[in-house]
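Reader: I have a sequence and a model on my bench. Take me through them, quickly please.

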Amino acid sequence: MARRDGRGLRRERCRGTRYRSGSKAGPLGGWRRVMELAEAIGFARGRSQGVLVTRRGDGRPQISNIAYALDPDGVARISTSVSTAKARNLRRDGAASLYVPGSSFWSYAVLEGSAELSEET
């Protein structure tokens, strides 16, 4: 995928929502907030599995479980073959979101950005 120089998911924007653990956690009684980019990258750096969301040709989401690695600049990198749906979608439209789950159901971050594909090496 892409980055500034051609590989990985570029970290242009980051949106994340987390619910506080405890008795008031959850969608009915909890609170949520938007993470700062540095916090979301730190959150994602401690993990290696996530869900990549791309856009199909008809506009519907394509969701793929993936393993990723963050480079020192905070660029998420994944590996995929050229024939997968995610690769086709990203060639057509570089918009991508990486959902990174936390230790509880209510804890996660979403990294959004533009992806670029690089050739196999």
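## Surface, pairs and core

Reader: Is aspartate 58 buried or exposed?

Author: This is a predicted model, and in it aspartate 58 has a relative accessibility of 52%. Buried means under 20% relative accessible area, exposed over 50%, and partly exposed in between (1.4 Å probe, protein chains only). Aspartate 58 therefore counts as exposed.

Reader: Which rules govern the numbering and the pLDDT cut-offs?

Author: Residues are numbered from 1 along each chain as its sequence is written, and side-chain values use heavy atoms, without hydrogens or water. In this predicted model, totals for chains, interfaces and linings use all residues, side-chain atom pairs count only at pLDDT 80 or more, and local features need pLDDT of at least 70.

Reader: What is the average pLDDT of the protein chain?

Author: pLDDT is the predictor's confidence in each residue, on a scale from 0 to 100. In the protein chain, 71% of the residues score at least 70. The average is 77.

Reader: Over which residues is the pLDDT below 50?

Author: Where pLDDT is low, the predicted coordinates should not be read in detail. The stretch in question has 103 contacts in the model beyond near neighbours in sequence. A contact means heavy atoms within 4.5 Å. The pLDDT is below 50 over residues 1-25.

Reader: In what order do the elements of the protein chain run?

Author: Helices (H or I, at least four residues) and strands (E, at least two) are DSSP runs, numbered from the N terminus. The protein chain has two helices and seven strands. From the N terminus on, their order is β-α-β-β-β-β-α-β-β.

Reader: What share of the residues in the protein chain is buried?

Author: The accessible surface comes to about 7,300 Å², and carbon and sulfur atoms hold 49% of that. These areas come from the Shrake-Rupley method with a 1.4 Å probe. Of the 121 residues in the protein chain, the buried share is 38%.

Reader: Which element gives the most residues to the largest nonpolar core?

Author: A nonpolar core is a set of buried Ala, Val, Leu, Ile, Met, Phe, Trp, Tyr and Cys residues joined through side-chain atoms within 4.5 Å. The largest one has 18 residues, and Tyr68 and Leu98 touch the most other members. Helix H1 (37-45), strand S6 (95-101) and strand S7 (108-114) each give two or more residues. The top contributor, with four residues, is H1.

Reader: Why do the buried residues of helix H2 lie on the same side?

Author: The buried residues of H2 (residues 85-92) are Lys86, Ala87, Asn89 and Leu90. Their cover includes strand S2 (49-55), strand S3 (61-67) and S6. The arc is taken from the directions from the helix axis to the C-beta atoms. The four share a side because their arc around the axis is only 165°.

Reader: Lysine 86 interests me. Which residues does lysine 86 contact?

Author: Lysine 86 sits in helix H2 and is buried at 13% relative accessibility. Its C-alpha atom is 8.1 Å from that of valine 53, which is 33 residues away along the chain. Leaving aside neighbours within four places in sequence, the contacts of lysine 86 are Leu52, Thr54, Ser64, Ile66, Ile78 and Thr80.

Reader: Which residue does arginine 55 meet in a salt bridge?

Author: A salt bridge is a side-chain nitrogen of Lys or Arg within 4 Å of a carboxyl oxygen of Asp or Glu. Arginine 55 lies in strand S2, and its partner, 38 residues apart, is in the loop between H2 and S6. Arginine 55 is partly exposed at 41%. At 3.0 Å, N to O, it meets aspartate 93.

Reader: How many salt bridges are there?

Author: Besides the pair of arginine 55 and aspartate 93, aspartate 58 pairs with arginine 60 at 2.8 Å. Aspartate 71 meets arginine 77 at 3.2 Å. Aspartate 71 is buried at 9%, whereas arginine 77 is partly exposed at 24%. The count of salt bridges is three.

Reader: How far apart are glycine 94 and serine 114 in space?

Author: Glycine 94 lies in the loop between H2 and S6. It touches Gly113, Ser114 and Ala115, not counting residues up to four places away in sequence. Glycine 94 and serine 114 are 20 residues apart in sequence, yet their C-alpha separation is 5.1 Å.
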